[in-house]
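Trainee: Before we discuss details, could you show me the sequence and the structure, so that we can work through them together?

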Amino acid sequence: MRTAPTHRQSTEGTDPRQPPTGVARTTSLTALDRVPWREIRDSTGCAAAIPLLLTTMACGDPETARAALADLRSRICQYGFVVEQATAATVPFLWELAQLPHVTCRAEIIQLLRSIADARQWEDTAAVYPKLLNHRENHVVWERKARQAVRDRRGALRRLLAEEDTEIARATTELARTLGE
C-alpha cells in the first residue's frame, strides 16, 4: 500500500544514488532506482534517503558504513522490531550487501535482517486491537511483506554460513534459526 506522494524537494547538485564523494562505487545496487522511494514511507516520513544510506554502507569506510546502517535501521526497523512501509523494498538490497566481501558491516546487516524476519509488533497488536487493520496505512501488511522479503532471499544463507568470518557465520546462524532453516 502506498501513501500519497509528498512534495519533492530539489535535488539539484545532489543525487541520492551516488556514493559519498571520493568513494568508488564497487557494488551493483542497480535496482535502487526502480523503487519509488519518494512515494513510500520510513519512520521519518519520505523514504528518499534510503538509497544514499545503502550506497554509503556499500562504499563507506567502516565507521561511515556503520553510521549509515544505524540510520537505516532506525528508519526501517525502529527499536529492532517496528517495521515500516519501506522495509520490504529495502530487504533485497540488504541481502545483496550482506554477500559482498568488501562491505564492512555485513554481520550487522545480517542481524538487521534477523530483526526484520522476527518482527511481529503490528501483527501482535492487531490481534488484541483489530481496528488497527482498518487504518489507511496497514502496518500489519507492511510487516508481513517485510518478513516475506527476508524469506524470499534465504537461498543466500548457505553461502553466508560458509564464511570464514565467525561474526558473519554466527549472525547467519541466528538468522537461519529465526527463519526455521
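Mentor: Buried means under 20% relative accessible area, and exposed means over 50%. Please keep in mind throughout that this is a predicted model.

Trainee: What percentage of the residues of the chain count as buried?

Mentor: The cut-off for a buried residue is under 20% relative accessible area. When this is applied to the 181 residues of the chain, the share that counts as buried is 45%.

Trainee: In what pattern do the helices and strands follow one another along the sequence?

Mentor: The chain has eight helices and four strands. Read from the start of the sequence, these elements follow the pattern β-β-α-α-β-β-α-α-α-α-α-α.

Trainee: Which elements are included in what covers the buried residues of α1?

Mentor: Helix α1 spans residues 50–59, and nine of its 10 residues are buried, so the helix is largely enclosed by the rest of the structure. Among these buried residues are I50, L53, L54 and M57. Their cover includes β1 (41–42), α2 (62–76), α3 (87–98) and α4.

Trainee: How far apart are the end C-alpha atoms of α4?

Mentor: Helix α4 covers residues 106–118, and 10 of its 13 residues are buried, so it too is largely enclosed by the rest of the structure. At 1.5 Å a residue, its 13 residues should span 18 Å, and the distance between the end C-alpha atoms agrees with this, being 18 Å.

Trainee: Which residue meets R106 in a salt bridge?

Mentor: R106 is buried, with a relative accessible area of 6%, whereas its partner is partly exposed at 23%. The two side chains come to 2.7 Å, N to O, and the partner of R106 is E163. Because R106 lies in helix α4 and its partner in the loop between α7 (157–161) and α8 (166–179), the pair ties together parts that are 57 residues apart in sequence, the partner being E163.

Trainee: Which residues are joined into one network by salt bridges that share partners?

Mentor: R75 forms a salt bridge with D42, with 3.0 Å between the closest N and O atoms. Since R75 lies in helix α2 and D42 in strand β1, the pair ties together parts that are 33 residues apart in sequence. Both R75 and D42 are buried. Salt bridges that share partners make one network of D42, D71 and R75.

Trainee: Is Y79 buried or exposed?

Mentor: Y79 is found in the loop between β3 (77–78) and β4 (82–83), and has a positive phi of about 65° although it is not a glycine. Its relative accessibility is 64%, so Y79 counts as exposed.

Definitions and conventions
Residues numbered from 1 in each chain as written. Predicted model: local features only at pLDDT ≥ 70, side-chain atom pairs only at ≥ 80, totals over all residues. Heavy atoms only, no water. Helix = DSSP H or I, 4+ residues; strand = E, 2+ residues; numbered from the N terminus. Buried < 20%, exposed > 50% of the residue type's maximum accessible area, 1.4 Å probe, protein only. Expected span 1.5 Å × (residues − 1). Contact = heavy atoms within 4.5 Å. Salt bridge = Lys/Arg side-chain N within 4 Å of Asp/Glu carboxyl O.
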